[in-house]
Amino acid sequence: MKIVILDGYTENPGDLSWEGLERLGDLTVYDRTPKEQIVSRIGHAKIVITNKTPITREHLEACPDIRLIAMLATGYDVVDIAEAKKRGIPVVNVPSYGTEAVAQYAIALLLELTSRVGLHDAAVKAGKWSQSLDWCFWESPLMELAGKVLGIIGFGRIGQTTGRIAKAMGMHVLAYDIHQSESGKAIAEYVSLDTLLKKSDVICLHCNLTSETKNIINSGAIAKMKDKALIINNSRGPLICEQDLADALNRGKLGGAAVDVVTSEPIAQDNPLLTAKNCIITPHLSWAPKECRQRIMDITVENVKAFLQGTPIHVVNP
């Protein structure tokens with residue numbers, strides 16, 4: 001059976017093996033696929049594997065041999081799910097692979113904002129310490145996190161893992177989620193969104209992107225926040241209205257922001273966050289530790305194997 005991977009490079013830039021999938025069919029791997037080549041590269045493949053390359057109704061119409069679409073990710077918004085279901089094509093995803101790593105990265109962003117390790121490493125290597133009149137110096141204000149309030153919007157697996165780490169550092173954790181759980185109550189105090197915005201020294205986003213959460217951080221929400229509050233986002237870029245955030249940073253309403261995701265990726269050169277004050281931006285790295293990517297690989301192999309055995313798993317359009 002012919003299997004094609006449309007954009008395999010970010011999953012496996014060379015440090016993993018495609019052997020598991022090679023054993024299941026005639027595998028072709030493309031590092032990345034331009035939109036105009038999607039149809040030709042799918043061709044007569046029956047199994048199509050994608051991460052961020054879109055598969056639309058037009059692609060499905062042009063490639064009638066497709067029998068399975070497998071995501072190299074949890075998210076599946078790049079696929080026309082309804083059209084795939086209409087055609088009897090299951091779409092399968094990797095439901096969980098990086099909970100600990102994504103939470104770890106959220107805390108890394110927070111620590112970089114508050115301790116500024118990278119900033120001071122660069123300053124020392126630029127000669128500022130050797131030229132200093134004093135035995136130490138700092139380039140920006142530092143913040144102790146113990147005793148501060150962390151508000152987490154979205155308190156599922158990743159949110160709760162972030163909350164546990166923050167709690168271990170002495171932070172008080174607030175959580176907002178439409179679904180409350182006993183495990184969540186053991187870590188955080190559930191509050192309304194307005195209360196979280198008003199009381200938090202740091203706000204961390206760990207929610208899904210839906211019509212209700214798009215631009216959940218906007219000028220109205222920011223107006224309710226504490227002056228000099230910090231924002232962390234390594235969930236989905238469109239959760240934040242980037243112009244509103246940039247404006248709040250530039251006028252000093254907010255003390256800083258650290259984001260691993262933006263609305264359009266790769267980041268557009270005119271993104272207002274690129275020139276905003278005290279804004280740290282990283283290129284969507286939270287998911288990328290080798291351990292996480294190996295789990296994606298292993299689960300994708302199991303997804304394809306289960307489909308070939310007639311018992312598909314992790315189907316998002318049953």
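Which strands does helix α7 (residues 157–168) lie across? In this predicted model, helix α7 lies across β6 (149–153), β7 (172–176), β8 and β9, and its direction makes an angle of about 175 degrees with β6. Helix α11 (residues 242–250) also packs on the sheet, where it touches β10, β11 (254–259) and β12, running at about 140 degrees to β11.

**The sheet**

The sheet to which these strands belong is open and has seven strands, which follow one another in the order β8-β7-β6-β9-β10-β11-β12 with parallel pairing. Because β8 (189–190) and β12 (279–281) each have a single partner strand, they stand at the edges, and one side of each is left without a neighbour in the sheet. As a general rule, the strands of a sheet pair through backbone hydrogen bonds, either parallel or antiparallel. The table lists three of the parallel pairs, with the number of bridges in each and one pair of residues that stand opposite each other.

| Strand pair | Bridges | Opposite residues |
|---|---|---|
| β6 and β7 | Five bridges | Ile152 and Ala175 |
| β7 and β8 | Two bridges | Ala175 and Tyr190 |
| β9 and β10 | Four bridges | Val202 and Leu230 |

Ala175 thus appears in two rows, standing opposite Ile152 and also opposite Tyr190. The strands β6 and β7, together with helix α7, make a right-handed β-α-β unit.

**The nonpolar cores**

In soluble globular proteins, nonpolar side chains tend to be buried together. Here the largest nonpolar core has 29 residues, and the members that touch the most others are Ile153, Leu205, Ile217, Met225, Ile231, Leu245 and Leu254. Two or more residues come from each of β6, α9 (193–199), β9, α10 (219–224), β10, α11 and β11, and α11 gives the most, with four residues. If residues up to four places away in sequence are left out, Ile153 touches ten residues including Tyr176, Leu193, Leu196, Ile203, Leu205 and Ile217. Apart from this core lies another, of 24 residues, which has Ile5, Ile49, Val92 and Trp287 among its members.

**A glycine in a loop**

Gly8 is found in the loop between β1 (2–5) and α1 (19–22). Is Gly8 buried or exposed? Gly8 has a relative accessible area of 1%, so this residue counts as buried, the cut-off being under 20%. When neighbours within four places in sequence are set aside, Gly8 is in contact with Trp18, Tyr30 and Asp31. Between the C-alpha atoms of Gly8 and Ile281, which are 273 residues apart along the chain, the separation is 24 Å.

Methods. Residues are numbered from 1 along each chain as its sequence is written. This is a predicted model: local features need pLDDT of at least 70, side-chain atom pairs count only at pLDDT 80 or more; totals for chains, interfaces and linings use all residues. Side-chain values use heavy atoms; hydrogens and water are left out. Two strands pair if DSSP finds at least two bridges between them. Contact means heavy atoms within 4.5 Å. Axes are lines fitted to C-alpha atoms, for helices over the stretch in contact, and angles run from 0 to 180 degrees between N-to-C directions. Buried means under 20% relative accessible area, exposed over 50%, partly exposed in between (1.4 Å probe, protein chains only). A crossover is right-handed if, with the strands pointing away from the viewer, the path from the first strand over the helix to the second runs clockwise. A nonpolar core is a set of buried Ala, Val, Leu, Ile, Met, Phe, Trp, Tyr and Cys residues joined through side-chain atoms within 4.5 Å.
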